[in-house]
Amino acid sequence: MSRILSSSPAVIDFSQRSLYISALSIAFNPTFWNIVARREYHHKTLTHLFNNRSQLACYALALTIFSLGLFRDALFERALRHQPTHPLLTQPFVPYVAYTLIALGNILVLSSTWALGITGTYLGDYFGILMDEPVTSFPFNITGAPMYYGSTMSFVGTALLYGRPAGLVLAAEVLAVYLVALSYEDPFTSEIYAKRERERRAGKKTE
């Protein structure tokens with residue numbers, strides 16, 4: 001073990017600009033969609049931009065978020081290619097772990113999108129497009145944020161597949177920014193639905 005550890009002079013190459021660009025893109029995405037979605041909720045910015053068609057505005061935001069995600073993933077893989085490998089991450093069993101994590105991560109992401117639909121996945125609540133009832137089927141019976149955790153698993157799996165420790169650090173950042181995003185999104189979304197329920201109860205009382 002000590003021989004393996006001593007054979008790797010640099011675990012992470014901090015001189016690579018691509019590392020910082022990837023880190024910035026990871027932090028940017030959830031920051032962007034939370035700011036835009038909150039402005040939409042309070043000011044209907046995107047809905048007005050799309051001639052008061054809230055569903056079309058939500059689809060436009062969904063396409064933007066999806067495209068930014070692809071761009072972030074490309075920057076992540078580019079950063080990995082510029083980083084050194086580590087012997088501990090190039091052991092024969094590592095690819096099996098990597099592919100398993102990537103597969104499970106994609107299952108969580110795709111199944112959550114299927115369960116919620118496009119508007120449910122991409123912040124439709126902020127556009128006034130609310131679901132009738134909370135989704136409790138798979139994968140939401142496993143975790144309340146399957147898309148975020150599934151995405152994190154895919155990042156970890158990709159980092160292992162490349163054998164780059166820097167990828168694991170970036171994957172940890174992915175998890176961190178998602179947890180921060182959840183700390184803002186969950187209470188805000190809960191309040192949106194709580195407000196609907198208060199309005200429904202108030203409506204029944206006036207009938």
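**Notebook: contacts, rings and core of a helical chain**

I began with the contacts of the protein chain: among those between residues at least 6 apart in sequence, 84% join residues at least 24 apart. I note at the outset that this is a predicted model.

**Entry 1. Overall layout**

I looked up the secondary structure and found 7 helices and 0 strands. Read along the sequence, the pattern is α-α-α-α-α-α-α. I then took the extent of the C-alpha trace, which spans about 80 × 35 × 25 Å along its principal axes.

For burial, I recorded that 38% of the 207 residues are buried. The chain exposes about 12000 Å², and carbon and sulfur atoms supply 64% of that area. I also checked the charges: the mean positions of the 17 positive and 14 negative charges lie 4 Å apart.

**Entry 2. Aromatic pairs around Phe 188**

I counted the aromatic pairs in the structure and obtained 6. I examined Tyr 41 and Phe 188, whose pair is edge-to-face, with 5.2 Å centre to centre and 80° between the planes. This pair links distant parts of the chain, since Tyr 41 is in helix H2 (residues 17–43) and Phe 188 is in helix H7 (residues 165–206), 147 residues apart.

I asked myself whether each of the two residues is buried or exposed. Tyr 41 is partly exposed, with a relative accessible area of 24%. Phe 188 has 14% relative accessibility and therefore counts as buried, the cut-off being under 20%.

Phe 188 also pairs with Tyr 126: the ring centres are 5.3 Å apart and the planes are at 10°, so I entered this pair as stacked. It too links distant parts of the chain, with Tyr 126 in the loop between helix H5 (94–121) and helix H6 (146–162) and Phe 188 in H7, 62 residues apart. Tyr 126 has 1% relative accessibility, so I listed Tyr 126 as buried.

Elsewhere, I found that ring pairs link Trp 33, Tyr 148 and Tyr 178 into a cluster.

**Entry 3. The largest nonpolar core**

Which residues of the largest nonpolar core touch the most other members? I found Leu 61, Leu 123, Phe 127 and Tyr 148, out of 33 residues in this core. The elements that give two or more residues to the core are H2, helix H4 (54–81), H6 and H7. H7 gives the most, with 10 residues. Tyr 148 thus appears in my notes twice, as a member of the ring cluster and among the core residues with the most contacts to other members.

I then listed the contacts of Phe 127, leaving out residues up to four places away in sequence. Phe 127 touches Glu 40, Lys 44, Leu 46, Thr 47, Ser 54, Ala 57, Cys 58 and Leu 61. Leu 61, in that list, is itself one of the core residues that touch the most other members.

As background, I recall that nonpolar side chains tend to be buried together in soluble globular proteins.

**Entry 4. Leu 89**

I placed Leu 89 in the loop between H4 and H5. At 15% relative accessibility, Leu 89 counts as buried because the value is under 20%.

Which residues does Leu 89 touch, not counting those up to four places away in sequence? I recorded Val 94, Leu 160, Gly 163, Arg 164, Pro 165 and Leu 168. Finally, I took the separation of the C-alpha atoms of Leu 89 and Gly 167, which is 11 Å for residues 78 apart along the chain.

Key: Residues numbered from 1 in each chain as written. Predicted model: local features only at pLDDT ≥ 70, side-chain atom pairs only at ≥ 80, totals over all residues. Heavy atoms only, no water. Phe/Tyr/Trp six-rings, centres within 6.5 Å; stacked < 30°, edge-to-face > 60°. Helix = DSSP H or I, 4+ residues; strand = E, 2+ residues; numbered from the N terminus. Buried < 20%, exposed > 50% of the residue type's maximum accessible area, 1.4 Å probe, protein only. Core = buried A, V, L, I, M, F, W, Y, C linked by side-chain atoms within 4.5 Å. Contact = heavy atoms within 4.5 Å. Areas by Shrake-Rupley, 256 points an atom, 1.4 Å probe, with all protein chains shown as cover. Lys, Arg positive; Asp, Glu negative; His and termini not counted. Charge placed at Lys NZ, Arg CZ, Asp CG, Glu CD.
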